[in-house]
Amino acid sequence: MEKDIKILAIESSCDETAAAVVKNGREVLSNVISSQIDLHKLYGGVVPEIASRKHIEKINQVIGEALEIADTSLEDLDAVAVTYGPGLVGALLVGVAEAKAISYAKKLPLVGVHHIEGHISANYIENKDLEPPFICLVVSGGHTHLVKVKEYGVYEILGCTRDDAAGEAFDKVARAIGLGYPGGPKIDRLSKEGNPNAIPFPKAKIAEAPLDFSFSGLKSAVLNYLNGCRMRGETVIEADVAASFQKAVVDVLTEHAVEAVKEAGLDKLALAGGVASNSALRESVQRACRENGFRFFSPSPLLCTDNAAMIGAAAYYEYKKGVRHGLDLNAVPGLKLGER
Ligand code: KG4
Ligand code: ZN
């Protein structure tokens, strides 16, 4: 029998300070998340400088808790993993510096992880039989990608957004309706009371790249609709606006994802990223998978939004391949998927 591999994973790319201990890539022994949302809410979005300072304040406590819950000491670990990009540079640096210090002090191998690879790998945690190849629709605050996962850690990007990410569109539309930050979960909730067919918002298609996305036209259409109503003195039915906007996003994401699976000749579709916790998107993609005979995978909502367990899952497969980073590992805010 192979020896168990226990990895301490650290994630600090945006506004969550997170640490987890993950065994053999799929068994989460602890998953601690300290969210800064309440702080950033006051400003209507993430303030990078505040995020970095809060990470510094919280990181040791969060790691301590993760080790305690997992009943593990630093001496029991096989490696330390950390998100080194993409993300906010000051925020990433806190996690990277911490991981390097632990690696140096305890002579542990260091594995740097791509944040999006983490989101994709969140699927391995609860779906023990999921193995590549499969298609993953990655929808977060900063990314909207259709990715072919060819094998562990090997990716091909089949489509991406030309402008706003899906989560960004949710956040901007929520702000325009007056729902506050973060907008995704609020639109999700409000949409349940609205009519998704009330307003025919546009669904952008890019002729020369049918798997790419564009959400900025949709966002402008929502803003124009709201302004038009206000100028004419008409009452805005906010739940209808939210539900119609959400439907436009969900329809496009579902159609493109199904097309990507068909084109790749595969039969497995997974969701990943914060927007993957959207209830309408989960229902729609699950239904489409059923209709097309695909297997559907999705992490539970807590593993869709930023966390460190997903980083530990991704790190395991990198570790097994022999990927090790040196103490010169730096934060790379614009890191591309598949880059080392
Ligand atoms: O993956 P994530 O936690 O952070 C990034 O890597 O960006 O994603 C955050 C994004 C935010 O834009 C948030 O509004 C969106 O995910 N989000 C949602 C939902 N929950 C979070 N969007 C739609 N519906 C939700 N239920
Ligand atoms: Zn994320």
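Before we look at how a helix lies across strands, one term helps: two parts are in contact when heavy atoms of theirs come within 4.5 Å. Keep in mind, too, that what you have on screen is a predicted model.

Let's start with the sheet. It is open and has 5 strands, in the order S3-S2-S1-S4-S5, and the pairing is mixed. At the edges sit strand S3 (27-35) and strand S5 (110-114), each of which pairs on one side only. From one strand to the next, the twist averages 20°. As a bit of background, strands of a sheet pair through backbone hydrogen bonds, either parallel or antiparallel.

Zoom in on one pair. Strand S2 (residues 16-23) runs antiparallel to S3, and the two share 8 bridges. You can pick out partners across the pair: Lys23 is opposite Glu27 in S3, and Val21 is opposite Ser30 in S3. S2 and S3 form a hairpin with 3 residues between the strands, and here Asn24 adopts a positive phi near 50°. That is worth a second look, because most residues other than glycine have a negative phi. Asn24 counts as partly exposed because its relative accessible area is 25%.

Asn24 has company. Asp71 isn't a glycine either, yet its phi is positive, at about 50°. You'll find Asp71 in the loop between helix H2 (48-69) and S4. With a relative accessible area of 68%, Asp71 is exposed.

Now for the helices that go with the sheet. Helix H3 (residues 89-106) lies across strand S1 (6-11), strand S4 (79-85) and S5, and its direction is at about 155° to that of S4. Helix H4 (residues 115-126) also packs on the sheet, where it touches S1, S3, S4 and S5; between the directions of H4 and S5 the angle is about 95°.

On the way from S4 to H3 there is a small surprise. The loop between S4 and H3 holds Pro86, and the peptide bond from Gly85 to Pro86 is cis, with omega near -15°. Further along, the bond from Tyr181 to Pro182 is cis as well, with omega near -10°. Pro182 belongs to the loop between helix H5 (166-177) and helix H6 (183-191). For context, most peptide bonds are trans.

Back to H4, which leads us to a metal. Which residues hold the zinc ion (ligand 2)? The zinc ion (ligand 2) is coordinated by His115 and His119, both through NE2, and by Asp306 through OD, at 2.0 to 2.1 Å. Along the chain, the donors follow the spacing H-x3-H-x186-D. His119 is part of helix H4, while Asp306 is in the loop between helix H10 (301-304) and helix H11 (309-321), so this pair ties together parts that lie 187 residues apart in sequence. His119 is buried, because its relative accessibility is 1%. Asp306 is buried too, with a relative accessible area of 14%.

And why is the zinc site called tetrahedral? There are 4 donor atoms around the zinc ion (ligand 2), and the angles they subtend are 95 to 132°, which makes the arrangement tetrahedral. The label fits because four donors count as tetrahedral if all angles lie between 85 and 135 degrees. The ideal angle for four tetrahedral donors is 109.5 degrees.

What about the cysteines? A search of the whole structure turns up 0 disulfides. Cys160 is in none: the nearest cysteine sulfur belongs to Cys136 and is 14 Å away. Cys160 is partly exposed, at 25% relative accessible area. Cys304 is likewise in no disulfide, and its nearest cysteine sulfur, again that of Cys136, is 9.7 Å away. Cys304 is buried, with 0% relative accessibility.

Our last stop is Phe134, in strand S6 (residues 134-139). Is Phe134 buried or exposed? Its relative accessible area is 0%, so Phe134 counts as buried. Leaving aside residues up to four places away in sequence, Phe134 touches Ile120, Tyr124, Val147, Lys148, Val149, Leu266, Lys268 and Ala270. Leu327 is 193 residues from Phe134 along the chain, and 34 Å separates their C-alpha atoms.

Technical notes. Residues are numbered from 1 along each chain as its sequence is written. Chains are lettered from A and ligands numbered from 1 in the order in which they are written. This is a predicted model: local features need pLDDT of at least 70, side-chain atom pairs count only at pLDDT 80 or more; totals for chains, interfaces and linings use all residues. Side-chain values use heavy atoms; hydrogens and water are left out. Two strands pair if DSSP finds at least two bridges between them. Helices (H or I, at least four residues) and strands (E, at least two) are DSSP runs, numbered from the N terminus. Axes are lines fitted to C-alpha atoms, for helices over the stretch in contact, and angles run from 0 to 180 degrees between N-to-C directions. A disulfide is a pair of cysteine sulfur atoms within 2.5 Å. Buried means under 20% relative accessible area, exposed over 50%, partly exposed in between (1.4 Å probe, protein chains only). Donors are N, O and S atoms within 2.8 Å of the metal (3.2 Å for Na, K and Ca); water is not among the atoms, so sites may look incomplete. Four donors count as tetrahedral if all angles lie between 85 and 135 degrees; four count as square planar and six as octahedral if opposite donors are over 155 degrees apart and all others between 65 and 115; anything else is irregular.
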